[in-house]
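Okay, thanks for squeezing me in. I'll put the thing up on the screen, and then we'll walk through it together.

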Amino acid sequence: MLQINDVKKQFKVSGKNIPILNIPQWHVAKGEKVAIIGPSGSGKSTLLHIISGILSTDHGELYVDQQPLHLLKEAARDEFRGARIGYILQDFHLIPSLTARQNVEIVITLKKSKTELRLMVDEWFEKVGLQDRMNHLPSQLSRGQQQRVAMVRALINQPLLVLADEPTGSLDWETADEITGLLMDLCASDKHTLIVVTHDLNLAKRFPRCQHIHELNLVHPLKEKVML
Ligand SMILES: Nc1ncnc2c1ncn2[C@@H]1O[C@H](COP(=O)(O)OP(=O)(O)OP(=O)(O)O)[C@@H](O)[C@H]1O
């Protein structure tokens with residue numbers, strides 16, 4: 001599902017190049033559920049931005065579902081992401097002027113009749129227990145509810161690859177636990193490959209595979225032993 005070969009990424013700050021990622025090789029198989037842990041600033045979000053095609057690589061090869069993203073221009077990467085990748089961004093990024101339902105509807109790329117689409121959206125909101133909140137604006141929802149809308153938005157196109165950036169970052173532990181369980185349930189089928197980045201060890205522990213970003217990344221050598 002995901003193959004990274006010698007991928008490097010750096011950012012230019014005040015005329016100076018700062019290396020952020022340097023990943024010799026990393027593979028995630030179809031259907032795997034992986035948590036990447038690491039401290040703040042270690043490049044976790046940058047890694048997901050690269051896998052999703054939001055950011056380009058500076059060097060190396062990146063294949064997602066056999067598509068060579070490193071060879072695609074930004075517009076082609078955007079199209080690929082819209083159709084194949086579900087990305088749950090840090091802080092949800094819901095559009096404040098649209099209702100929960102509209103936030104989901106605008107991303108749908110599946111070809112279905114209007115009635116089928118309406119029923120599909122209804123079903124998704126039921127799955128996440130928000131059937132009575134569909135017509136609320138994001139500002140009228142709690143953070144946990146906003147996170148569930150963000151999850152529906154990421155999953156509704158039945159993506160092969162689901163990426164989640166700190167999905168429980170700003171939630172209290174009880175809501176975080178509930179949201180984690182929901183995300184795992186929604187991505188339970190083998191069809192979904194799930195990569196989550198987090199600094200929350202409780203979230204990471206629930207994943208069958210958990211890796212520290214330093215294990216992937218040569219830029220930040222492994223300094224700490226991960227206690228799980
Ligand atoms: N557009 C950018 N320009 C310059 N530097 C950047 C840019 N984006 C990120 N960085 C730097 O890259 C490093 C990695 O950032 P990133 O957001 O990937 O870390 P992270 O592990 O996700 O952190 P957090 O857990 O705090 O979200 C940081 O030092 C950050 O300052």
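So, what classes of residue make up the shell around the ligand? Eight are polar, three are nonpolar and one is charged. Before I go on, keep in mind that this is a predicted model.

Let me put names to that shell. There's F11, V13 and I20, then G38, then a run with S40, G41, S42, G43, K44, S45 and T46, and finally H199. Which helix gives the largest share of the shell? That's α1, with three residues. Helix α1 covers 44–52, and along with β1, which is 2–13, it's one of the elements that supply at least two shell residues each.

Now, α1 also takes us to the sheets, so let's start with the antiparallel one. It's an open sheet of four strands, in the order β2-β1-β4-β5. At the edges you've got β2, residues 16–28, and β5, just 67–68, each pairing on one side only. And here's α1 again: the helix packs on this sheet, touching β1, β2 and β4, and its direction makes about 120° with that of β1. If you want to look at the β5 end, strand β4, residues 59–64, pairs with β5 over two bridges, antiparallel. Zoom in there and you'll find Y63 standing opposite P68 in β5.

A quick reminder for anyone rusty on sheets: strands pair through backbone hydrogen bonds, either parallel or antiparallel.

Which brings me to the parallel one. Five strands form this open sheet, in the order β6-β7-β8-β3-β9. Why do β6 and β9 each have one side without a neighbour in the sheet? Well, β6 (85–88) and β9 (209–212) stand at the edges with a single partner strand each, so one side stays free of a sheet neighbour. On average, neighbouring strands here are turned by 15° against each other, ignoring direction. At the β9 edge, β3, residues 33–37, runs parallel to β9 and is joined to it by four bridges. One pair to click on is I36, whose bridge partner in β9 is Q211. This sheet has a helix on it as well: α5, residues 143–155, packs there and touches β6 and β7, with its direction at about 165° to that of β6.

One more helix, as a sanity check. Helix α4 is residues 114–127, so 14 residues, and at 1.5 Å a residue it should span 20 Å; the end C-alpha atoms are 20 Å apart, which agrees. After α4 comes G129, with a positive phi near 70°.

Zooming out, the chain has eight helices and nine strands. Its C-alpha atoms fill a box of roughly 50 × 40 × 40 Å along the principal axes. And for 228 residues, a compact globule would have a radius of gyration near 17 Å; this chain has 18 Å, so that agrees.

That's my tour, over to you.

Terms used
Residues numbered from 1 in each chain as written. Predicted model: local features only at pLDDT ≥ 70, side-chain atom pairs only at ≥ 80, totals over all residues. Near = placed C-beta within 6 Å. Nonpolar A, V, L, I, M, F, W, Y, C, P; charged D, E, K, R; others polar. Pairing = 2+ DSSP bridges. Axes fitted to C-alpha atoms, helices over the stretch in contact; angles between N-to-C directions. Contact = placed C-beta atoms within 7 Å. Expected span 1.5 Å × (residues − 1). Rg over C-alpha atoms; globule rule 2.2 N^0.38 Å.
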